[in-house]
Amino acid sequence: MRSRRSTLGLVRDAVLLSSLASVASPLMAAKRSKRSAALLVPLTGDRAALGLSIRNAAMLAESDAGALTVLDTCGTAAGAASAARAAVKRGAAMLLGPLSAAETRAVAGAVGVPVVALTNDAAARGGSAFVFGITPAQATAAILGYARSRGVRRVVAVDDGTPWSQASVVAARASEADLGLTIVPVTGGTIPPGVEGDAAFVPGSAVAIAPVLKNRGMQLLATMQTLDYRPDALTALEGAWIASPDPAKFASFASAYAARNGGRPGAIAALGNDAALIAKALRDSDQMTREGVLREAGFDGVTGPVRFRSDGSCARDFAILVPTNGVYDKVAESRGA
């Protein structure tokens, strides 16, 4: 009888455990879904190499391989929307990427979970999408704000015709009143005779124009687009003021990337690494939600500290660098407003 009662007890316990498991399983699945993210990048098509480097960089930040799913966008808006829907169906509570503004708009229209997009087109923000790429307006505000604090009042802004340069000059003119500066825009990548200022803002490559500015007694203001580590370039840029993510942080990241994957990562790969760090921080604190993305403390990474705003934009901190004796010295920090 004792054996029979023991057997019945085991059966009863097994049935009870099975019943509890059936209840707990959806709860556990829900908990897992709150702690997972998906990375949307092109793994096929023209930008597949870039997508692969972003994936490799993101995996450097994520110790739990199962916490980050990587899906192919094929580099198209339709492919990105399809990948986003598939990710959410699998339980992703947050999406990292995609790359372009068109893809970002498609993804934000397809799903309702937070999207930390890698585009630097500020117009792609809104809804569930946060623009995480480094924008021309962010870098422009950083270097012009620093210049204003150093006594600069009149700035000649040089547009060389590239998209980054054009957008940066537009941003400079828009910030004129707020910063108390006079912005004098010029086109063609050069400064005509007779056009003078305390400083020249050259958001594109500034190596060629730097000696000319020195001869004219104008302080060179630049962004990370002008960073150049060739000895002759560093000599030409000596004394310039440059707003950029901290190159020391990037160097450490690049070394870790090369050790695992070989090759040298670019700035967009670094953004992929930082996006994965954001997802990991929110997963660890069980805050993988829109409110979590908007947390007051913000986030830090290879590309520097950021704080997201409710309109989908972000404030980004920059290092102010001055090329001195063949190296880029960090002389100040510009905190994003």
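**Exercise 1.** Which residues form one aromatic cluster?

*Solution.* The model is predicted, so local features need pLDDT of at least 70 and side-chain atom pairs count only at pLDDT 80 or more, whereas totals for chains, interfaces and linings use all residues. Residues are numbered from 1 along each chain as its sequence is written, and side-chain values use heavy atoms, with hydrogens and water left out.

Step 1: apply the ring rule, by which rings of Phe, Tyr and Trp (its six-membered ring) pair if their centres lie within 6.5 Å, with planes under 30 degrees apart counted as stacked, over 60 as edge-to-face and the rest as tilted. The count comes to seven aromatic pairs.

Step 2: examine one pair, Phe132 and Phe308, whose ring centres are 5.9 Å apart and whose planes stand at 40 degrees, so the pair is tilted. This pair links distant parts of the chain, since Phe132 lies in the loop between strand 5 and helix 5 (136–149) and Phe308 in strand 11 (residues 306–308), 176 residues apart. Helices (H or I, at least four residues) and strands (E, at least two) are DSSP runs, numbered from the N terminus.

Step 3: collect the cluster, which consists of Phe130, Phe132, Phe299 and Phe308.

**Exercise 2.** Describe the open sheet and locate its edges.

*Solution.* Step 1: take two strands as paired if DSSP finds at least two bridges between them; seven strands then form an open sheet in the order 7-6-8-9-10-13-14, with mixed pairing.

Step 2: find the edges, which are strand 7 (182–187) and strand 14, each with a single partner strand, so one side of each is left without a neighbour in the sheet.

Step 3: follow strand 14 to strand 13 (residues 318–324), with which strand 14 pairs in the antiparallel sense over seven bridges; within this pairing, Ala319 stands opposite Glu333 in strand 14.

**Exercise 3.** Is Ser334 buried or exposed, and which residues does Ser334 touch?

*Solution.* Step 1: place Ser334 in strand 14 (residues 327–334).

Step 2: compare its relative accessible area of 16% with the cut-offs, by which buried means under 20%, exposed over 50% and partly exposed in between (1.4 Å probe, protein chains only); Ser334 is therefore buried.

Step 3: list the contacts (heavy atoms within 4.5 Å), which, leaving aside residues up to four places away in sequence, are with Ala142, Arg316, Asp317, Phe318 and Ile320.
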